[in-house]
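Work through the exercises below with the sequence and the structure side by side. Try each task on your own before you read the solution that follows it.

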Amino acid sequence: MPTFSPAALWPILLLSASNIFMTFAWYGHLKYKTSALWIAIVASWGIAFFEYCLAVPANRIGSEVYSAAQLKTMQEVITLIVFSGFSVFFLKESLTINHAIGFALIAAGAAFVFRG
């Protein structure tokens, strides 16, 4: 398990910020279904640019401490956390116990990637 050096912490922070942009790029348009599809695509692409500006350095810095599999796993768990908040607070959708159980099982599986 990596120590909590800047190289270990920066990827977590950058991937968290990256996932906020990614979630808005991928799902934000669902709140505006009456706008033209091409507008949603262009807006999503523009938002995704900022996601890449954070994700690429996160992975580059993180590769000093984490394996690629660990970085990907970290990104997926962060995605679920960010998406859960986004779904509830932005899209006003409810998360059910089945969602919580499914997300918990994914997180439990992710824990194995970080085991010795």
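**Exercise 1. Two helices in contact**

Which residues in α1 meet which residues in α2?

*Solution.* Keep in mind from the start that this is a predicted model. Begin on the side of α1, where the residues that take part are Ala7, Trp10, Pro11, Leu14, Leu15, Ala17, Ser18, Phe21, Met22, Phe24 and Ala25. On the side of α2, they meet Ser44, Ile47, Ala48, Phe50, Glu51, Leu54, Ala55, Pro57, Ala58, Asn59, Ile61 and Gly62. Sorted by class, the residues of this contact between α1 and α2 divide into 18 nonpolar, four polar and one charged.

Next, consider the geometry of the pair. The axes of α1 and α2 come within 8 Å, and they cross at roughly 165 degrees. Because angles over 145 degrees count as roughly antiparallel, α1 is roughly antiparallel to α2. The crossing in which α1 passes α2 is left-handed.

**Exercise 2. The chain as a whole**

How many helices and how many strands are there in the protein chain?

*Solution.* Counting the elements gives four helices and zero strands, and from the N terminus on they run α-α-α-α. Taken along the principal axes, the C-alpha atoms fill a box of roughly 50 × 35 × 20 Å. The protein chain has 116 residues, of which buried residues make up 30%. Finally, look at contacts between residues at least 6 apart in sequence: 81% of these join residues at least 24 apart.

**Exercise 3. A second partner for the first helix**

At roughly what angle do the axes of α1 and α3 cross, and which residues meet there?

*Solution.* First locate the two elements, helix α1 at residues 6-27 and helix α3 at residues 68-89. Their axes come within 9 Å and cross at roughly 55 degrees, which makes α1 oblique to α3. The crossing of α1 past α3 is right-handed.

Then list the residues on each side. From α1 come Pro11, Ile12, Leu15, Ser16, Asn19, Ile20, Met22, Thr23, Phe24 and Tyr27, and they meet Leu71, Met74, Gln75, Ile78, Thr79, Val82, Phe83 and Phe86 in α3. By class, this contact of α1 with α3 has 13 nonpolar, five polar and no charged residues.

As a last step, ask which residues of α1 are buried. They are Ala7, Ala8, Pro11, Leu14, Leu15, Ser18, Asn19, Met22, Thr23 and Ala25, and what covers them includes α2 and α3.

**Exercise 4. Checking a helix by its length**

What span should α1 have, and how far apart are its end C-alpha atoms?

*Solution.* The helix has 22 residues, and at 1.5 Å a residue it should span 32 Å. The expected span uses one less than the number of residues, so the count of rises is taken between residues. The end C-alpha atoms of α1 are 31 Å apart, which agrees with the expected value. Helix α3 can be treated in the same manner: its 22 residues reach 31 Å from the first C-alpha to the last, close to the 32 Å expected.

**Exercise 5. Buried or exposed?**

Is methionine 74 buried or exposed?

*Solution.* Methionine 74 has its place in helix α3. Its relative accessible area is 10%, and because buried means under 20%, methionine 74 is buried. Leaving aside its neighbours within four places in sequence, methionine 74 is in contact with Ile12, Leu15, Tyr66 and Phe114. Methionine 74 and proline 11 are 63 residues apart in sequence, but their C-alpha atoms are 9.0 Å apart in space.

For a contrast, turn to leucine 105, which lies in helix α4, residues 97-113. Leucine 105 is exposed, with a relative accessible area of 60%.

**Exercise 6. The last pair**

How are α3 and α4 oriented, and which residues make the contact?

*Solution.* The axes of α3 and α4 come within 10 Å and cross at roughly 160 degrees, which makes α3 roughly antiparallel to α4. The crossing of α3 and α4 is left-handed. The contact is made by Ala69, Gln70, Thr73, Val77, Leu80 and Ser84 of α3, together with Phe103, Ile106, Ala107, Ala110 and Val113 of α4. By class, the contact of α3 with α4 has eight nonpolar, three polar and no charged residues. The buried residues of α3 pack against α1, α2 and α4.

Definitions and conventions
Residues are numbered from 1 along each chain as its sequence is written. This is a predicted model: local features need pLDDT of at least 70, side-chain atom pairs count only at pLDDT 80 or more; totals for chains, interfaces and linings use all residues. Side-chain values use heavy atoms; hydrogens and water are left out. Axes are lines fitted to C-alpha atoms, for helices over the stretch in contact, and angles run from 0 to 180 degrees between N-to-C directions. Angles under 35 degrees count as roughly parallel, over 145 as roughly antiparallel, 65 to 115 as roughly perpendicular and the rest as oblique. A crossing is left-handed if the near helix is turned anticlockwise from the far one by less than a right angle, and right-handed if clockwise. Contact means heavy atoms within 4.5 Å. Ala, Val, Leu, Ile, Met, Phe, Trp, Tyr, Cys and Pro count as nonpolar, Asp, Glu, Lys and Arg as charged, and the others, Gly among them, as polar. Buried means under 20% relative accessible area, exposed over 50%, partly exposed in between (1.4 Å probe, protein chains only).
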